[in-house]
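Trainee: Could you take me closely through the sheet of the first chain, and then through whatever else can be placed around that sheet? I would like one connected account rather than a list.

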Amino acid sequence: MRRVAVVGVGVTKFGKHDRTSAELFAEAAAEALTDAGLPAHKVQALYYGNVVGGETEKQLHTGPQAASVLGIPTVPTTRFETACASSHAAFRHAVMEVASGASDVVLVGGAERVLNVTTEESTEYFAYASDARWEQTLGLTFPGVFALVARAHMTKYGTTEEQMASVAVKNHRHGTLNPKAQFQKEITVEQVLKSAMVADPLKLYDCCPFTDGGAAVVLVSEELARQARRPIWVLASAAASDWMLIGDKRDLSRVPATERAAAAAYRQAGLGPGDVDVVELHDCFTIAEIVATEGLGLFEPGTGGLAAEKGWTSLGGKVPVNPSGGLKAKGHPIGATGAAQIAEIVTQLRGEAARRQVDGARVGLTHTLGGNTATVLVSLFGRD
Amino acid sequence: MTEPVITLRHFFEKAREGQLTAVRCGGCGQLAVPPKEFCPACSARQWEPILLSGEGTIASYTIIRVAPRSHAAEVPYAIAAVQMKEGVSFLGRVVDVPLERIVVGLPVRFRPLTNGGQTAVAFGPA
């Protein structure tokens, strides 16, 4: 297998847009190709993430649509759907296509448009990622899923609502340093605690927003990467799954798929959690960040809340987590999120993250979760 | 060809009558619910249907305040992960218990929740 590098990244502004998801992806992809110094006709395949296009835009077959709107209609393209981890799953498969020698230049990314429908509608469509017969019939929502995780974590470890709030405060602070973030204002622990209850114990400010946006990265073979301005190497890309139904999970305070994907990624790269300098992880809810920092081995089980409260995951802390603002403040266009996290880590490892730069970062990690904690992708990146 | 021991339809028909069903693996004794084609513990395909007691305790819970469109008229409502006496778990609605009385460890008992002709899993006071 060949080494694979990321040589171009692009992300739209996250927030509300009046363009289609295909248009948003095209903007991000154009930025990524310009960054890579490659013309569009060099792209040999497109791996594309999009989740609720069928519902919010009445649009299926979004892979070829995105390729057409971008202006590369003849490349092989596949749409990936692993709920919120879609473009990270696309990335893993694209890495394998380049590593295998099948292609030398592959475009990966995704886009989502949801702010064109009401919150009740988008809440319903996102809930389609839980089981139709067993869970949707109960009125389960994604805040509800992570509220169950939060309650289990609080019961087992004594994690507090204040500790969860400190994750939101930190990510909003980081978001003020990212011009493309959806939210660019600081918030306080008190504001989080006083915000409206969504699914007890999760409040509005424990939840990431609905977001429109697109993201793209350009992958190339080692040979082409040697000619690039500043290649960032893919050291590992691993996936793991878990039981779909909440009822089948034995311990809701943990996300076993994160633990399995992380173990596989560390093994592939020959690295451990102590080698990681900067992390972009899936903070769809504040408790999700706490549980992810534990599952990735950055902190012991049960201490993720303390780590957030003590500032160990802030810029300048032991292991900066979500310098981009994370899903919480940067926003969460679900089909684009995995690629956007990768774009941030590449930017960090190039030393181009400006005011949110993690000084001297050499190894970065991305973690993306899909659905009822049933899909997790973990990738590791390094610079020369 | 082996017919499934319990299909989703059978499970929910029984549930509507007030009985929770599961399957026990003839290979290793593992309980499963909902039924799976292969035993996740030993990969055997020898399921026997069993009836569960319906008794369990709340392992985690939440109260949904912002609902999907199809459940918007029902808020607030409680959903809990319930560990059954036999060891398997279900996600279900919590009904007939005041929301402020719901805690982790609360004993509950299965009851069907039928809405618009469709039955879902719910739990009420033990």
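Mentor: Before the helices are placed, one convention is needed: axes are lines fitted to C-alpha atoms, for helices over the stretch in contact, and angles run from 0 to 180 degrees between N-to-C directions. What follows describes a predicted model.

With that convention, helix α10 of chain A, residues 256–269, lies across β8 (232–241), β10 (363–370) and β11 (375–383) of chain A, and runs at about 145° to β8(A). Helix α1 of chain A, residues 21–36, lies across β1, β4 (105–112) and β7 of that chain, and its direction makes about 40° with β7(A).

The strands crossed by these helices belong to an open sheet of nine strands in chain A, whose order is β3-β2-β4-β7-β1-β8-β11-β10-β9 and whose pairing is mixed. At the edges stand β3 (77–80) and β9 (278–280) of chain A, and because each has a single partner strand, one side of each is left without a neighbour in the sheet. On average, and with direction ignored, neighbouring strands of this sheet are turned by 25° against each other.

Within the sheet, the pairing of β1 (residues 4–11) with β7 (residues 213–221) in chain A can be followed in detail: the two strands run antiparallel and are joined by seven bridges. One residue pair that can be located there is Gly8(A), whose bridge partner in β7(A) is Val218(A).

Turning to the loops of chain A, one can begin with the stretch that follows the edge strand β3. Ala83(A) is placed in the loop between β3 and α4 (86–99) of chain A, and its phi is near 50°, a positive value in a residue other than glycine. Ala83(A) counts as buried because it has 23 C-beta neighbours inside 10 Å, the cut-off for that class being 20 or more. Asn322(A), in the loop between α12 (304–310) and α13 (326–329) of chain A, likewise has a positive phi, near 55°, and is a residue other than glycine. Its C-beta neighbours inside 10 Å number 30, so Asn322(A) counts as buried.

A further backbone feature is the cis peptide bond that joins Asp200(A) and Pro201(A), with omega about 5°; Pro201(A) is found in the loop between β5 and β6 (202–203) of chain A.

As for the partner chain, 27 residues of chain A are in contact with 28 residues of chain B. On the side of chain A that touches chain B, α5 (119–127), α6 (142–157) and β5 (197–199) of chain A each supply at least two residues, and α6(A) gives the most, with seven residues. By class, the residues of that side of chain A divide into 13 nonpolar, seven polar and seven charged.

Chain B has an open sheet of three strands, in the order β2-β1-β3, with antiparallel pairing. Its edge strands are β2 (31–32) and β3 (47–51) of chain B, each of which pairs on one side only. Strand β1 (residues 21–25) of chain B pairs with β2(B) over two bridges in the antiparallel sense, and Arg24(B) stands opposite Leu31(B) in β2(B). The loop between β2 and β3 of chain B holds Pro34(B), and the peptide bond from Val33(B) to Pro34(B) is cis, with omega near -5°.

How values were computed
Residues numbered from 1 in each chain as written. Chains lettered and ligands numbered in written order. Predicted model: local features only at pLDDT ≥ 70, side-chain atom pairs only at ≥ 80, totals over all residues. Pairing = 2+ DSSP bridges. Helix = DSSP H or I, 4+ residues; strand = E, 2+ residues; numbered from the N terminus. Contact = placed C-beta atoms within 7 Å. Nonpolar A, V, L, I, M, F, W, Y, C, P; charged D, E, K, R; others polar. Buried ≥ 20, exposed ≤ 12 C-beta atoms within 10 Å, placed from the backbone.
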